[in-house]
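Colleague: Could you take a close look at one loop for me, backbone first? After that, please carry on to whatever else helps me read the model.

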Amino acid sequence: MITFMVSLVALVLGYVLYGRFVERVFGVDDRQTPAVSMADGVDYVVLPSWKIFMIQFLNIAGTGPIFGAIMGAKFGPVAYLWIVLGCIFAGATHDYLSGMLSMRHGGANLPEIIGRYLGNAPKQVMLVFSVFLLMMVGAVFVYSPASLLQKLFGSNMADAGLLGDSTFWIIVIFIYYLIATMLPIDKIIGKVYPLFAFALLFMAAALLIMLFVKQPNIPELWESGLGNWGVDHLNFTKSVFPCLFITIACGAISGFHATQSPLMARCIKHEKLGRPIFYGSMITEGLVALIWATVAMYFFYNEPTAGYEEMAGGKEVLSAAPGIVSLVCENWLGFFGSILAILGVVAAPITSGDTALRSARLIVADFIHLEQKSIRKRLYICVPLFAAVIALLIWQMANPEGFDVIWSWFGWSNQTLSVFTLWAITVYLVRQKKNYFITLIPALFMTVVCMTYLVSEQAFHLQGVAAYAISIATFVTALVWFCLWYKKTEKTN
């Protein structure tokens with residue numbers, strides 16, 4: 001567990017040292033924030049900073065730092081490296097700067113920020129892209145918590161009735177989505193989310209304690225290097241590059257976060273609160289991802305007996321992240337602890353789903369210039385939006401591989417969104433004559449990751465030399481484009 005403990009310390013130091021550096025690069029000041037200057041009692045509402053942190057953390061968490069970390073752990077200890085470096089230098093930087101840019105531009109949504117710095121064409125693409133991504137979030141983050149709730153009540157109640165039916169839970173979650181999306185942000189989100197965030201953090205803290213109690217014998221980074229651990233019983237043949245960087249998204253970097261940050265950018269009273277809220281939430285998510293990656297290492301690789309062999313039913317859930325969550329929590333935390341832990345895992349995707357649809361409503365409203373103080377005008381957008389998400393969910397449930405298809409495209413779309421966000425922030429930093437390397441390097445890296453994943457895994461299934469040739473060409477093209485644009489910008493300034 002040495003790699004794990006070093007990784008925990010590195011993340012904390014990353015917040016203290018690099019987070020402060022990024023804050024200085026941006027340059028916070030005492031100007032009025034949108035929560036004060038544009039207060040409307042619906043979306044622009046000043047909230048206490050601790051509450052905003054808990055909401056932001058829960059909004060961006062979803063199942064990403066849990067399910068993604070579990071699946072990413074199949075690659076072996078190299079997952080630790082991506083979580084730590086990705087979180088500090090890419091994800092938290094991405095979240096902080098996108099959130100602060102939104103605040104500086106009146107709580108602007110992501111397509112507006114991309115349009116301002118990358119142009120109108122990318123703005124229109126990102127408008128459609130981000131709304132569709134948020135709809136996918138709404139769909140996938142209904143299915144997984146409904147499944148967990150069905151298993152929770154179905155396995156612990158002799159006659160569960162409707163409570164043991166996943167369709168019932170899907171309907172309940174959708175009703176909640178509609179209510180939470182429609183109401184002012186301080187009515188449900190501001191009151192309930194901090195409690196759910198506490199449950200998620202409690203679960204992570206309880207598992208952290210159990211890791212130190214059990215001291216599992218898991219592989220260290222220097223024992224496997226940077227390659228895929230490749231244990232036969234996992235039947236896992238995906239390549240580390242680019243698949244690891246798509247699989248572990250929310251624990252390292254996620255474009256979805258930039259669609260959520262504007263919600264809280266409209267509730268912050270002072271700019272100086274940006275680092276603990278935006279950068280700090282991402283570091284906290286990285287800590288959760290580290291804990292779950294380590295739990296999964298125990299489950300997959302512990303010596304001399306892997307966790308899946310020690311727990312009854314372990315072999316049946318080797319490829320199912322929700323099943324691993326249920327099994328580990330039940331065995332390690334007992335009945336009541338497992339209920340609270342599972343509720344934390346359930347609450348995370350549900351709350352990410354409803355804030356995703358809230359973000360989609362606001363993005364569409366900004367695009368068509370439809371004010372949102374009126375409930376009737378909120379319904380104009382919510383009704384067709386929810387109808388589209390329900391249709392997507394019905395298709396997903398009717399197809400045996402529907403969830404996997406949507407999840408894989410969601411993973412690629414999610415990281416592609418981070419690419420556009422990082423490039424927009426880089427343009428901003430160049431124009432402001434600030435240190436643009438802090439986002440240029442992650443932008444180049446994630447551009448190559450997304451292109452390689454698209455041609456090798458999602459669309460064209462190219463392998464070997466062909467895929468990596470395209471990767472190199474993508475890197476060179478992006479770098480040359482930036483250098484030419486930078487040279488032109490310097491001349492005009």
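Modeller: Happy to! Lysine 433 sits in the loop between α17 (402-431) and α18 (437-458); helices here are DSSP runs of H or I with at least four residues, numbered from the N terminus. This is a predicted model, in which local features need pLDDT of at least 70 and side-chain atom pairs count only at pLDDT 80 or more, while totals for chains, interfaces and linings use all residues. Residues are numbered from 1 along each chain as its sequence is written, and side-chain values use heavy atoms, leaving out hydrogens and water.

Back to the loop: the phi of lysine 433 is near 55 degrees, a positive value in a residue other than glycine. Most residues other than glycine have a negative phi, and most peptide bonds are trans. Lysine 433 counts as exposed because its relative accessibility is 62% (exposed means over 50%, buried under 20%, partly exposed in between, with a 1.4 Å probe and protein chains only).

Histidine 461 also has a positive phi, about 55 degrees, and is not a glycine. Histidine 461 lies in the loop between α18 and α19 (464-492), and with 52% relative accessibility it counts as exposed.

Now for the peptide bonds. The one from glutamate 303 to proline 304 is cis, with omega near 5 degrees, and proline 304 belongs to the loop between α13 and α14 (307-310). Another cis bond joins phenylalanine 241 to proline 242, with omega near 10 degrees; proline 242 is part of helix α11 (residues 240-247).

Turning inward, the largest nonpolar core (buried Ala, Val, Leu, Ile, Met, Phe, Trp, Tyr and Cys joined through side-chain atoms within 4.5 Å) has 165 residues, and Trp292, Phe299, Phe300 and Trp332 touch the most other members. Helix α13 (residues 274-301) gives the most to this core, 18 residues. Leaving aside residues up to four places away in sequence, tryptophan 332 touches Leu207, Met210, Leu211, Lys214, Val295, Tyr298 and Met311, where contact means heavy atoms within 4.5 Å.

Leu211 brings us to a helix pair: α1 (residues 2-26) packs against α9 (residues 189-214) at about 145 degrees, with axes 12 Å apart. Those axes are lines fitted to C-alpha atoms over the stretch in contact, and angles run from 0 to 180 degrees between N-to-C directions. Phe4, Met5 and Leu8 of α1 meet Leu208, Leu211 and Phe212 of α9.

Key:
Helices (H or I, at least four residues) and strands (E, at least two) are DSSP runs, numbered from the N terminus.
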